Amino acid sequence: MRTPDFLDAGAWAGKLFQGAWTPADGLAYDAVDKANGARLASLTLATPAALSASARQAAHAQPAWAATPHEERAAILRRAADLVDGHRDEAAQWIMRETGAIRAKADMELRSAMLTLHQAASMLGEPQGLVFPSAADKLSYGRRIPHGVVGVIAPFNFPLTLSMRAVAPALATGNAVVLKPDPQTAVSGGLYIARLFEDAGLPAGLFHVLPGGAEVGEAMCVDPLVGMVAFTGSTAAGRRVGALCGEHLKKVSLELGGKNSLIVLDDADLELAAGCAAFGAWMHQGQICMATGRILAHESVARRLADLLAAKAGKMKTGDPRQAGVRLGPMINARQLERVDQLVKRTIAAGARLCAGGMADRPFYAATVLDGVRPGMPAFDEEVFGPVAVVTPFSSDEEAVALANRTDYGLSAAVVSRSVARAMALGRRLRTGLLHINDQTVAGDPRVPFGGVGASGNGGRIGGPANWDEFTQWQWVTVQDRPPAYPF
């Protein structure tokens with residue numbers, strides 16, 4: 001029965017969404033406001049047994065869904081997009097409180113979810129196969145068919161965006177989906193999506209939401225009924241997911257961490273470059289895989305750029321993101337805050353200059369600027385995942401390329417210069433899945449293939465035309481009027 005509020009926290013107390021709201025016997029825990037620790041709702045952790053049950057249900061429901069006319073599937077996705085729009089304010093409050101996001105970031109996630117749903121619906125009007133050359137009396141063609149059950153493992157930082165970008169195209173292409181959101185953001189990244197599809201009319205049994213720990217993710221990777229796993233998260237966890245999926249011979253899509261460079265050339269407009277660097281480094285407390293992890297600035301402008309960033313840092317108010325003027329909300333948890341604080345302190349001890357910030361006021365961390373950061377220092381080598389702008393000088397375009405490529409990661413990069421030709425020439429030498437000329441490193445669009453190389457991913461892409469490659473597989477079909485006569 002529908003409740004007065006679309007996201008009524010009482011509706012899922014003691015339950016999981018296993019194709020429908022189902023009583024669960026897992027461990028109860030609280031969803032909390034990251035800014036003040038206030039209890040938001042009582043949730044339930046899934047277990048490996050629940051994952052197994054959901055996989056069976058999903059596998060049973062999937063064939064009928066794959067046979068559903070594409071117009072009906074598209075209509076459900078579009079209705080879900082309309083529901084996002086209709087419940088925007090309510091969902092935004094959950095995203096802000098559960099993830100520590102300012103309203104602009106919450107609105108960004110909601111816009112992305114709507115666009116992703118519409119993009120997934122539009123896929124179904126595209127060609128879904130190829131006709132191959134064959135004899136005159138024989139038809140030979142390839143068609144796209146679903147994997148069956150797709151498992152999705154999503155992180156805490158952009159929970160709605162990073163869940164929906166896999167869930168929507170997987171459903172559009174005829175798969176059933178089992179989603180494991182991070183328990184820290186299980187409503188924004190999972191239960192809210194269950195509400196959307198429930199009200200949009202998705203048939204029961206096709207979609208499952210199981211907040212859980214690593215043991216549930218591992219169960220997903222080894223379950224024989226799960227045909228593919230789409231994982232977004234840390235490189236360390238991604239290696240484990242990739243190994244398990246490889247051992248069990250199932251397809252896996254990995255979108256992992258990044259140590260992304262923004263290169264500021266000596267001819268750049270420094271005011272604009274500083275704005276790009278500040279947004280890329282501090283947006284959502286730096287807790288973004290595409291965050292600007294290195295600001296590589298020509299030695300003639302590096303000190304000036306660091307000073308401009310320090311001035312901006314002084315105006316970055318931290319606090320509860322629902323308060324007016326707040327630009328930086330809380331870190332996701334105390335462990336991550338402590339990690340960032342220690343990384344900054346270790347980098348200063350190694351010789352970097354602290355220009356601004358460097359202070360923890362739990363659960364917040366101030367916008368920070370480190371100048372003179374060199375290879376070998378922690379903030380240069382490690383993914384920070386905190387609001388820290390790391391400035392490193394270089395003397396030539398060749399050194400800038402070498403510094404940017406000095407990492408196992410390869411997700412996003414950007415170059416700022418008044419000369420587009422020079423920036424493009426430099427950008428072509430960067431080992432990265434995403435490249436932005438005269439912009440910063442944080443950008444996404446459901447209509448384009450997204451992903452990285454090296455430790456940032458396994459070469460797969462999600463978004464736009466890449467969704468057909470990720471969420472379906474080819475089947476070769478031949479048809480002829482009568483069987484041929486073989487000489488055996």
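How are helices α7 and α8 oriented to each other? In this predicted model, the two helices pack at an angle of about 30 degrees, and their axes lie 8 Å apart. Angles under 35 degrees count as roughly parallel, and α7 and α8 are therefore roughly parallel to each other. Their crossing is right-handed. On the α7 side, the contact is made by E218, C221 and V222, while α8 contributes R240, V241, L244 and C245. Sorted by class, this contact of α7 with α8 holds 5 nonpolar and 2 charged residues, with no polar ones.

A wider look at α7 is helpful here. This helix covers residues 214–222, and its buried residues are V216, G217, A219, M220 and C221. Which elements do the buried residues of α7 pack against? Two of them are helices, α1 (48–66) and α8 (235–247), and the others are the strands β7 (149–153), β8 (176–180) and β10 (228–232). C221 is thus a residue to look for twice, as it is buried and also takes part in the contact with α8.

Helix α6 comes next. Running through residues 187–200, this helix has 12 of its 14 residues buried, so it is largely enclosed by the rest of the structure. The buried stretch starts with V187, S188, G189, G190, L191 and Y192, carries on through I193, A194, R195, L196 and F197, and is completed by A200. Just after α6 comes G201, and its phi is positive, near 95 degrees.

One buried residue of α6, F197, leads on to the aromatic rings. The model has 7 aromatic pairs. In one of them, the ring centres of F17 and W21 are 4.9 Å apart and the planes meet at 70 degrees; planes over 60 degrees apart count as edge-to-face, so the F17 and W21 pair is edge-to-face. F17 and W21 are both buried. The rings of F197 and F207 are likewise edge-to-face, because their planes are at 70 degrees, with centres 5.6 Å apart. This second pair links distant parts of the chain, since F197 sits in helix α6 and F207 in strand β9 (residues 207–209), 10 residues apart. F197 is buried, with a relative accessible area of 1%, and for F207 the value is 1%, so F207 is buried as well. Through ring pairs, W12, F17, W21, W94, F197 and F207 are linked into a cluster.

Where in the structure is F17 placed? F17 belongs to strand β1 (residues 15–18), and its relative accessible area of 5% makes it buried. Leaving aside neighbours within four places in sequence, F17 is in contact with A194, E198, F207, H208 and V209. A194 shows how the fold brings parts of the chain together: F17 and A194 are 177 residues apart in sequence, yet their C-alpha atoms are 6.9 Å apart in space. A194 is also one of the buried residues of α6.

A last example comes from helix α5 (residues 159–172), where T161 is found. Is T161 buried or exposed? Buried means under 20% relative accessible area, and T161 has 13%, so T161 is buried. Beyond neighbours within four places in sequence, T161 is in contact with E109 and S112.

Methods
Residues are numbered from 1 along each chain as its sequence is written. This is a predicted model: local features need pLDDT of at least 70, side-chain atom pairs count only at pLDDT 80 or more; totals for chains, interfaces and linings use all residues. Side-chain values use heavy atoms; hydrogens and water are left out. Buried means under 20% relative accessible area, exposed over 50%, partly exposed in between (1.4 Å probe, protein chains only). Helices (H or I, at least four residues) and strands (E, at least two) are DSSP runs, numbered from the N terminus. Contact means heavy atoms within 4.5 Å. Axes are lines fitted to C-alpha atoms, for helices over the stretch in contact, and angles run from 0 to 180 degrees between N-to-C directions. Angles under 35 degrees count as roughly parallel, over 145 as roughly antiparallel, 65 to 115 as roughly perpendicular and the rest as oblique. A crossing is left-handed if the near helix is turned anticlockwise from the far one by less than a right angle, and right-handed if clockwise. Ala, Val, Leu, Ile, Met, Phe, Trp, Tyr, Cys and Pro count as nonpolar, Asp, Glu, Lys and Arg as charged, and the others, Gly among them, as polar. Rings of Phe, Tyr and Trp (its six-membered ring) pair if their centres lie within 6.5 Å; planes under 30 degrees apart count as stacked, over 60 as edge-to-face and the rest as tilted.
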